[in-house]
Amino acid sequence: MNTLLWRLLRQHLSIGQLTGFFLANLFGMVIVLLGIQFYRDVAPVFDERGNSFLKGDYLTVTKKVGTLGSLAGKSTVFTHAEIEELSKQSFARSVGGFMPAQFKVSAGMRQAGFEISTEMFFESVPDSFVDIDLNRWKYEAGSQTIPIIIPKDYLNLYNFGFAQSRNLPRLSEGLMGLIRMNIVLRGNGQTETYTGNIVGFSNRLNTLLVPQSFMIAANRRLAPQAEVLPSRLIVEVKNPTDASIARFFREKGYETEDGKLDAGKATSFLRLITGIVLAVGLLISLLSFYILMLSIFLLLQKNTVKLESLLLIGYSPARVAFPYQMLTLVLNALVFVVSIIIVNAARGYYVDGIRQLFPQLEGSSIWATAVVGAVLCIVVSAINMVVVKRKVLSVRLRRADH
């Protein structure tokens, strides 16, 4: 029976129509999968964590400082009411404050019998705003080791400014993570000594960070009388291009750090372009799906008389529809396999170019994109098979009416 049906299929099979479907569907699938993979590979450039497909945009907000340390007699710190007002704005997802250390901090290192020490400062922010792996950003109460995050700009300043001008060796992030610093905290008549461990480098936060749990406890012990109010805020915004952000900041006398708003705009532009590419790819895929269904319908229409005869002599609609269903399944599977090969090959070209600009970029695995392609293939194939079976059933019903 199956051999007979395959002979009927080949008799009126249009290679041109099926080739057109294959190429159109392949083109659409490649655009969709390549758009997804490109976004996954490039998005970590704008956010080092790379843990989510769509990430927030962050602005560091301060008050404008006048010649006497304030503007129009206003304080440069943010009150609880001002923080609450900012968090209620439509453009804000979340707001966190930079908590400064209210005690003295000094750090030193001992090397080759010499000890170098310098005064420094610490700040902290809520853990949700930190742009490194949070598994490394933990402080256990009572521990003598403090995890520290330093700005990526500090490392770049040393490597490409100070070290290069004095023929000193450059330091990698991995090597910096091996350095241990002697941290001394002084306040409230007490002195505490810790070991500082650099656990990451931030592209988002331009300060020396320690975990907020440590900062809260240290301020309570070493500066119990001081009122801790942030002079800087970090705001996660929904859309950095929202005109209401600039309007609100202008009215309140707030300003943002240089370049932060531009980086957010670049992220939004990347999302917009990716969305357009995906929409075009899906449209092409839908058109190719229509071409396939039209080809199958024409094939069934040419074989209507023969199919009616097979149904009349007792063959079930499922057996009659099986060869056509297999044809669509094989074509869709072939499109999926070829598209993954093309995406993987194209990815090899652009990832090398991106890594020349951003050496720290690791890129994302192609497996997630392959899963998306497999789901699309399964959904389209299932729809094809259902439509083909319904068409065969309609042939039987039409014959029964006659």
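The questions and answers below concern a predicted model of one protein chain.

Me: How many helices and strands are there in the protein chain?
Reply: The chain has 402 residues, and 42% of them are buried. Among contacts with a separation of 6 or more, 80% join residues 24 or more positions apart. The secondary structure of the chain comes to eleven helices and eleven strands.

Me: What share of the accessible surface of the protein chain belongs to carbon and sulfur atoms?
Reply: The accessible surface amounts to about 21,900 Å². The part of that surface belonging to carbon and sulfur atoms is 60%.

Me: Why do the buried residues of helix α6 lie on the same side of α6?
Reply: Helix α6 spans residues 212-222, and its buried residues are Gln212, Phe214, Met215, Ala218, Asn219 and Leu222. An α-helix has 3.6 residues a turn, so residues three or four places apart point the same way. The buried residues of α6 are on the same side of the helix because the arc they cover around the axis is only 150°.

Me: Which strands do the buried residues of α6 pack against?
Reply: Asn219 is one of the buried residues of α6, and Met99 and Pro100 are among the residues that Asn219 touches. Residues 99-100 make up β3, one of the strands that the buried residues of α6 pack against. The full set is β2, β3, β6, β7, β8 and β9.

Me: Which residue has its backbone oxygen 3.4 Å from a polar atom of the side chain of Asn219?
Reply: Asn219 lies in helix α6 and has a relative accessible area of 5%, so the residue is buried. Beyond four places in sequence, Asn219 touches Met99, Pro100, Ala101, Gln102, Phe103, Pro224 and Val228. The backbone oxygen at 3.4 Å from its side chain is that of Pro100.

Me: Is Pro211 buried or exposed?
Reply: Pro211 is in the loop between β9 and α6. Its contacts beyond four places in sequence are with Ser124, Trp137, Tyr139, Ile146 and Pro147, and its C-alpha atom is 7.7 Å from that of Ile148, 63 residues away along the chain. Since its relative accessibility is 3%, Pro211 counts as buried.

Me: What is the distance between the closest N and O atoms of Glu82 and Lys63?
Reply: The structure holds five salt bridges, and one of them joins Glu82 and Lys63. Glu82 is in helix α3 and Lys63 in strand β1, so the pair ties together parts 19 residues apart in sequence. Glu82 is partly exposed at 21% relative accessibility, while Lys63 is buried at 11%. Their closest N and O atoms are separated by 2.9 Å.

Me: Which residue forms a salt bridge with Arg221?
Reply: Arg221 is partly exposed, with 30% relative accessibility. Its partner is in strand β9, whereas Arg221 is in helix α6, and the pair links distant parts of the chain, 29 residues apart. The closest N and O atoms are 2.8 Å apart, and the partner is Glu192.

Me: Is Lys88 buried or exposed?
Reply: The side chain of Lys88 meets that of Glu84 in a salt bridge, with 3.9 Å from N to O. Glu84 counts as partly exposed, at 41% relative accessibility. Because its relative accessibility is 63%, Lys88 counts as exposed.

Me: What is the area of the nonpolar surface patch that includes Leu272?
Reply: Leu272 is in helix α8, which covers residues 260-302. The patch is made by Phe269, Leu272, Ile273, Ile276, Val277 and Val280. Its area is about 510 Å².

Definitions and conventions: Residues numbered from 1 in each chain as written. Predicted model: local features only at pLDDT ≥ 70, side-chain atom pairs only at ≥ 80, totals over all residues. Heavy atoms only, no water. Patch = residues over 30% accessible without salt bridge, like charges linked within 9 Å, V, L, I, M, F, W, Y side chains within 5 Å. Areas by Shrake-Rupley, 256 points an atom, 1.4 Å probe, with all protein chains shown as cover. Salt bridge = Lys/Arg side-chain N within 4 Å of Asp/Glu carboxyl O. Helix = DSSP H or I, 4+ residues; strand = E, 2+ residues; numbered from the N terminus. Buried < 20%, exposed > 50% of the residue type's maximum accessible area, 1.4 Å probe, protein only. Arc of directions from axis to C-beta. Contact = heavy atoms within 4.5 Å. Polar contact = N/O pair within 3.5 Å; in protein donor to acceptor, adjacent residues only side chain to side chain.
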